[in-house]
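Reader: I have the sequence and the model open side by side. Can you take me through the helix packing and the chain contacts, one question at a time?

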Amino acid sequence: MTLTVTDLAITRGGIPVLEGLSFTLPPGKALILRGPNGIGKTTLLRTLAGLQPPLTGRIDGAEDQIAYASHSDGLKPTLTVTENLSFWAAVFGTKDIQPALDAFALNELSDRHAGNLSAGQKRRLGLARMLVTGRPIWMLDEPTVSLDKNAVQMFADAVRAHLGQGGSALIATHIDLGLDGEVLDVGPNKAKPKPIDDFDGGFL
Amino acid sequence: MIALLLRDLKLAFRAGGGFGLGLAFFLIVTVLVPFSVGPQSSLLSTIAPGVLWLGALLACLLSLDRLLALDWEDGSLDLLATAPLPLEAVVTIKALAHWLTTGLPLVLAAPFLGVLLNLPAPGFAWLVISLLIGTPAMSVIGTFGAALTVGLKRGGLLLSLLVLPLYVPTLIFGAEVARRGATGMETQTPLLMLAGITAATVALLPFASAAVLRINLR
Amino acid sequence: MSIAAKANALWEYANPRKFLATSERVLPFFWITSGACLVVGLVWGFFFTPDDYKQGSTVKIIYLHVPAALMAINCWLMMLATSLVWLVRRHHVSALAARAAAPIGIVMTLIALATGAIWGQPMWGTWWAWDPRLTSFLILFLFYLGYVALWEAIEDSDTAADLTSVLCLVGSVFAILSRYAVNFWNQGLHQGASVMRAGAITGTDTEEKVSNIYFYPLLLCIVGFVLLFIALVLYRTGTEIRARRIKALLTRERVNG
């Protein structure tokens, strides 16, 4: 499934942040999203995930193909690691959570409550969720926050395996994961300040 | 969908899930009523159906601000919105889970609290029936209110302000059934109206709830 | 002009500049005519109509009570209409008009409730009774409060417009349900809506008629209230648009700076 973005413009809080953004993400490839803080990387990922409408432009191939991981992991502290993962597996209609536990070395923690995990362990659990979605296009927003070197390697391996199975990934990160993929610097697409619709434009 | 329901039930029953808080609140309100109006049993038995309905309604209201806010805070709501489940189903399941953990226990506890307030004997069955039919509407309407206020800090008070006027028809017909039942009057008309309101809200309001949730997630 | 062309012409007022220019032009007309109608209607009604044989001079509060009550309901209907326009056509002026109208609706509801209480005291011997009409207005007041509170609570103006519009729609359905529920719940003291019935005007109706001596000044007062309402909504919508403009300009400053 190839994700194609054509001439996309997006807004945050009523202000355009990026415009004229075009790229394609073919199967088996990763795309690393770079750009200074506040440029709109999170907004871009949320828009691609379908959580907010784009201002202009087209997004093709995204519908029902995307697994999205935001800054927060969507974990319930009073559920165990297994219960948290099984829930998301059931929501996405997959059954087997064992590969996800293996990939992020969560087997030993599987009966612990998510609330008792360390920040890095929680993050690993959040990333393991991507594996149980069974969706081909991963979208990750700063996935390596609070991960140690070892865990970063685990994550990079998981992404590589995912790409090897014909999946693709769009990752907003500033560290080098050693993945086979291009870097998309969104900085040059920074939108010029302007009104987002005729209403505000009527005054300016 | 069943997974979401089971998860919500599990969360409610685990530590800090808040199960039983509404029930305890219902009990306390009922106990406080005789302290405020006096212990004459004739007076208490007159006002018992209405007081129990109001108590159940307030107990229902109590847990609404956690209904979606917790999933909002930990990011689950974003992830659920990108999951294969339609948001309409998500809010319906959430309302169902709220009813099972809050509404249904209130229905079951109401007759025991009725004893405390000298509810006349014929009133018990009608109280339970009216609450059983009315509480699902309260959960569904409450979910709509929770969806409206989900992104707001200090949304709890606003939630009450928005939801309570919407509870008026349910309260009027529900309490009317209980009151008429307690005095041996005919209950068919208000009962049918109550059932109609519940059926309509359960069928239609989740669409509005999902729509406002989508707006709030933007 | 064809209907379609007329309809298109209507949407031109969705442009804030056009709206402001036009409303500034027509506002003096509305202020003056509403003032004239109210002064003539109230003076005529208060001083040049006979006292009622049963109610005495208390009946004359009708000149405030009935128009305010009518506007309280019609204001909500206007908000419903403008909310729908916003949801369907996304014209900001429409959403802002709904926002501008709500406080006016609150004031009208309060006037109706207060004059009703003042009228009710000598007539029914009580300031307040849980009569269906009184109760319905109290519930309407609560709906207004919730609506305004939701507008105030949300920072992003488009989100606020969307959410309040949905609330207005859902609230309308529940307001109607409440009206029926309240009617069922208590049959009440208040007389039926007697102003607009043909029999009431010609004086052939029941005892509860509003006879034609009172009717013409009342009609004038109603017209005055309608014009006043339009003037207030136009004026307040203009204010909302300007506030929005300031916000847009500040945003531009912030983004540029």
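Author: This is a predicted model. We begin inside chain B, where helix H2 (residues 21–37) packs with helix H7 (residues 87–116).

Reader: How do H2(B) and H7(B) run, roughly parallel or roughly antiparallel?

Author: Their axes are 10 Å apart and the packing angle is about 20°. Angles under 35 degrees count as roughly parallel. H2(B) and H7(B) are therefore roughly parallel.

Reader: Is the crossing of H2(B) and H7(B) left-handed or right-handed? And which residues make the contact?

Author: H2(B) passes H7(B) in a right-handed crossing. From H7(B) come B:Pro105, B:Leu106, B:Ala109, B:Ala110, B:Leu113 and B:Leu116. From H2(B) come B:Gly22, B:Leu23, B:Phe26, B:Leu27, B:Thr30 and B:Val31.

Reader: How does the contact of H2(B) with H7(B) divide by class?

Author: No charged residues take part. The contact has 2 polar residues, and its nonpolar residues number 10.

Reader: Now between chains. How do H8(B) and H6(C) run relative to each other?

Author: H8 of chain B spans residues 123–148, and H6 of chain C spans residues 157–185. Their axes come within 11 Å and cross at roughly 160°. Angles over 145 degrees count as roughly antiparallel. H8(B) and H6(C) are therefore roughly antiparallel.

Reader: What classes of residue meet where H8(B) contacts H6(C)?

Author: The crossing is left-handed. H8(B) brings B:Ile141, B:Phe144 and B:Leu148. H6(C) brings C:Leu163, C:Val166, C:Leu167, C:Val170 and C:Phe174. There are no polar and no charged residues in this contact, and 8 are nonpolar.

Reader: What area is buried between chain B and chain A?

Author: Here 21 residues of chain B touch 24 residues of chain A. Carbon and sulfur atoms give 63% of the buried area. The total is about 2000 Å².

Reader: Which residues of chain B lose the most area to chain A?

Author: Three residues together account for 30% of what the chain B side buries. They are B:Arg14, B:Leu79 and B:Thr82.

Reader: Which residue of chain A meets B:Arg14 in a salt bridge?

Author: The interface of chain B and chain A holds 5 salt bridges. In the one with B:Arg14, N and O lie 2.8 Å apart. The partner is A:Glu83.

Reader: How does H2(A) run against H1(B)?

Author: H2 of chain A covers residues 81–91, and H1 of chain B covers residues 2–13. The axes come within 9 Å and cross at roughly 155°. That makes the pair roughly antiparallel.

Reader: How many charged residues are in the contact of H2(A) with H1(B)?

Author: A:Glu83, A:Phe87 and A:Ala90 of H2(A) meet B:Ala3, B:Leu4, B:Arg7 and B:Lys10 of H1(B). By class, 4 are nonpolar and none is polar. The charged residues number 3.

Reader: With which residue does A:Asp73 form a salt bridge?

Author: The count over all chains is 22 salt bridges. In this one the closest N and O atoms are 3.7 Å apart. The pair links distant parts of the chain, 50 residues apart: the loop between strand E5 (66–69) and H2 of chain A, and helix H4 (residues 119–133) of chain A. The partner of A:Asp73 is A:Arg123.

Reader: Where is C:Arg90 found?

Author: Most residues other than glycine have a negative phi. C:Arg90 has a positive phi of about 55°. C:Arg90 lies in the loop between helix H3 (62–89) and helix H4 (92–124) of chain C.

How values were computed
Residues numbered from 1 in each chain as written. Chains lettered and ligands numbered in written order. Predicted model: local features only at pLDDT ≥ 70, side-chain atom pairs only at ≥ 80, totals over all residues. Heavy atoms only, no water. Axes fitted to C-alpha atoms, helices over the stretch in contact; angles between N-to-C directions. Helix = DSSP H or I, 4+ residues; strand = E, 2+ residues; numbered from the N terminus. Parallel < 35°, antiparallel > 145°, perpendicular 65-115°, else oblique. Left-handed = near helix turned anticlockwise from the far one by under 90°. Contact = heavy atoms within 4.5 Å. Nonpolar A, V, L, I, M, F, W, Y, C, P; charged D, E, K, R; others polar. Buried area = accessible area lost by both parts, 1.4 Å probe. Salt bridge = Lys/Arg side-chain N within 4 Å of Asp/Glu carboxyl O.
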